[in-house]
Each structure stands twice: as C-alpha cells, then as structure tokens.
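Work through the two exercises below with the sequence and the model side by side. Try each task before reading its solution.

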Amino acid sequence: VNGLFFYVDNYVVLDEKRTFRQDATAFTANVQQTFRLPKDFTAELSGKYNSATVAGGNKRSQAFGQVDVATRKKLSESSSISLAMTDIFLTNRWNTSSSFDGFFYRNTGHGETRQVRVNFIYSFGKKLPAPKKRDSALDTENNRL
C-alpha cells in the first residue's frame, strides 16, 4: 500500500477585478496484493484511487480510480499462463470542470477502459548466474579503516 496526502492552494490574479482562489485537501492511494494459491496458482488484486482535487488554475477534478485482477498458473519450471482484467468496475474515468465570470468548461474522459488479457510465458534456455559482487573503491576504503 502506498499513497500521497497533499494540500493544493491556487490563488490566481488576472487583474484588479478578476481574482479567484480554490483549494483542496486531497490524496491518492495505490494497493497491490499477491496471493499464493494451491496447485501453482497465484492471484493479484490491485487498485488505485485519486480523490477530488484542484488542478491547474481553477479546474476541479472529481474522484476516480480503478481495480484490476489477475491470476497465473505455473505450468512448468519454464512456462506459465495468466488471465488478467483491468478496470473491472469501469471507474477509471475523469471528470473536470472550470468556471469563471460566466464561463463554464467541463472535460470528461477515460483511459484504456476494461481489458481482458491472456498471456503465455515461456523461458528459453538456462537461468544466468547472479553477477559476481565487485567491491567499489569506497567499499575498499571502508574495509581498510
């Protein structure tokens, strides 16, 4: 789990008569969890959420997010197959608006919406050995001291 909590304060002065201020306390959160299941299966659940906030000048953004799921079956030491679905609730859609002195603007849209993917993975050849550890000049100097 990771996230970001922040405060935005936009104060804009266009001229003596046209000023505005918008502020918002907002946060983003990301969650990812992998589950080990019996019979060489794994599953993953991930999600993200962006709260309502103020963006650039006087634009307000409504909250949005998405939830993704996937499962993988290990077939052998060198192969696996997976099935994944993104944005399962169709919630990765943004809606922003801006208004000032009788002007109103709204923008709506969405990213790549729900997708279902099937992947087959096969590894050719042997696994390479881990590289040998090399001491840097700093490591050598620290050991000497």
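The exercises that follow deal with a pocket and with a surface patch.

This is a predicted model, in which local features need pLDDT of at least 70 and side-chain atom pairs count only at pLDDT 80 or more, while totals for chains, interfaces and linings use all residues. Residues are numbered from 1 along each chain as its sequence is written, and side-chain values use heavy atoms, with hydrogens and water left out.

**Exercise 1.** Describe the largest pocket and find which strand gives the most to its lining.

*Solution.* Begin with the volume, which is about 180 Å³ for the largest pocket. Next, take the 13 lining residues, of which Arg-72, Lys-74, Ser-76, Ser-79 and Ser-80 are the closest to the centre. Sorted by class, the lining holds 2 nonpolar, 6 polar and 5 charged residues. Finally, turn to the strands: β3 (41–50), β6 (64–76) and β7 (79–86) each supply at least two lining residues, and β6 gives the most, with 4.

**Exercise 2.** Locate the nonpolar surface patch, and decide whether Val-118 is buried or exposed.

*Solution.* First, mark Leu-75, Ile-81, Leu-83, Val-116, Val-118, Phe-120, Tyr-122 and Phe-124, which together make a nonpolar patch of about 860 Å². Then assign them to elements: β7 and β10 (115–122) are those that give two or more residues, and β10 gives the most, with 4 residues. Val-118 is itself found in strand β10. Lastly, the relative accessible area of Val-118 is 58%, so this residue counts as exposed (exposed means over 50%, buried under 20%, and partly exposed in between, with a 1.4 Å probe and protein chains only).

Note on methods
1 Å grid on protein atoms, 1.4 Å probe; cavity = no way out; pocket = protein on both sides within 12 Å on 5 of 7 lines; lining within 4 Å. Points joined across faces, edges and corners; volume = space filled by probe spheres on them. Nonpolar A, V, L, I, M, F, W, Y, C, P; charged D, E, K, R; others polar. Patch = residues over 30% accessible without salt bridge, like charges linked within 9 Å, V, L, I, M, F, W, Y side chains within 5 Å. Areas by Shrake-Rupley, 256 points an atom, 1.4 Å probe, with all protein chains shown as cover. Salt bridge = Lys/Arg side-chain N within 4 Å of Asp/Glu carboxyl O.
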